[in-house]
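User: Hi, I'm new to this one. Can you walk me through it?
Analyst: Sure. Here it is.

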Amino acid sequence: FHIRISLSLLFSLCFSFTPFVSYRVLGHYIYTPLYIFPLVFLLFYAFCENKKREKKLLFSFLFGSLMAFILMLNLYYFVTILLGFFFYSLYYGIWQRKVLFQFLQKHFSYLLFSFFVSFFFLLPWFSATVNLLQFEGLVKTPGFGGAITLSADILTFVTPSEYNPFYHYLISSLGDISDIFRKYKNFYLSAWDGFAYPGILLLVGYPLFIFFRKKLPFSLQKMTTSHLFVSVLFASLLFGPFLKVFRRFVFYLEDVGVVIPLPFIILHYIPGLSSIRAPTRFMPAFVFLAVFMVSLFWEH
């Protein structure tokens, strides 16, 4: 994408060492293999760019194999990638329907081939799943299954990791100044369940990209529109079913409790997705797309 090596390296490190990992590596280490997101993007991009039938078949096979591997590796990441493709399809279906139909018409056989490759490699998984359902049945998650507690709020999105020594020292020192900073310090040291800080470069660069996007070359605006649309949707999923501020999701207007519903609530009512109860695990998808767009913005 014509981004110089030094800038590519910097933002690749922003993705690879996103603060999200500093929390997951303590116990949920299966959420550390972030490489699958750029790998899926790379395979799909290579598939679209190549014109030769043999190359398209090869990338279709690799893509189908990779999706099967991801499902067995991490169900959350598999669902995240499927949601990503759905969001892209939604964008093109609304604003560039002709492009979407032409793509499907041209590549339907390859996509079908990828599906059957995935299905073949997942046959043992399907067999084990059917046996499990026969003996134990489908367990329905009661309520939101902790999704409210495990979702980000406005403050956890802008609050850095407590494992960063610089920020830890700074916020701990401020906690001795006043009651407000003391409350924020306590919040900072116990925000692990809804942690969603993307890093300072993205926290600054992403809004700049949105505000100054119209000043970029038209070709770059056109190329990043779909990525911006999908990244905003993933960002909204991080905040769970209801908007939270300082751990509060019920706001009172003249003694009347009010909640602000967010797009994540739709997932709760989709069969098979009601068990998704940790919205912040969509973080790597948002960070990857944000890194891609911010690095393009910095380059131009």
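User: How many salt bridges does a search of the whole structure find?
Analyst: Two salt bridges turn up. Keep in mind that this is a predicted model.

User: Which residue does Arg4 pair with?
Analyst: Arg4 forms a salt bridge with Glu299. Their closest N and O atoms are 3.0 Å apart.

User: Where do those two sit in the chain?
Analyst: Arg4 is in the segment before α1 (5-16). Glu299 belongs to helix α14 (residues 283-299). The pair is 295 residues apart, so it links distant parts of the chain.

User: Is Arg4 buried or exposed?
Analyst: Arg4 counts as partly exposed, because its relative accessibility is 44%. Glu299 is partly exposed too, at 23%.

User: OK, and what does Arg182 bind?
Analyst: Arg182 forms a salt bridge with Asp179, and the closest N and O atoms are 2.3 Å apart. Both residues lie in helix α10 (residues 179-188). They are three residues apart, about one turn of the helix.

User: Why does Asp179 count as exposed?
Analyst: Its relative accessibility is 53%, and the cut-off for exposed is over 50%. Arg182 has 36%, so Arg182 counts as partly exposed.

User: Switching topic. What secondary structure does the chain have?
Analyst: The chain has 14 helices and two strands.

User: What about its radius of gyration?
Analyst: The chain has 21 Å. That agrees with a compact globule of 300 residues, which would be near 19 Å.

User: And how much of the chain is buried?
Analyst: Buried residues make up 43% of the 300.

Terms used:
Residues numbered from 1 in each chain as written. Predicted model: local features only at pLDDT ≥ 70, side-chain atom pairs only at ≥ 80, totals over all residues. Heavy atoms only, no water. Helix = DSSP H or I, 4+ residues; strand = E, 2+ residues; numbered from the N terminus. Rg over C-alpha atoms; globule rule 2.2 N^0.38 Å. Buried < 20%, exposed > 50% of the residue type's maximum accessible area, 1.4 Å probe, protein only. Salt bridge = Lys/Arg side-chain N within 4 Å of Asp/Glu carboxyl O.
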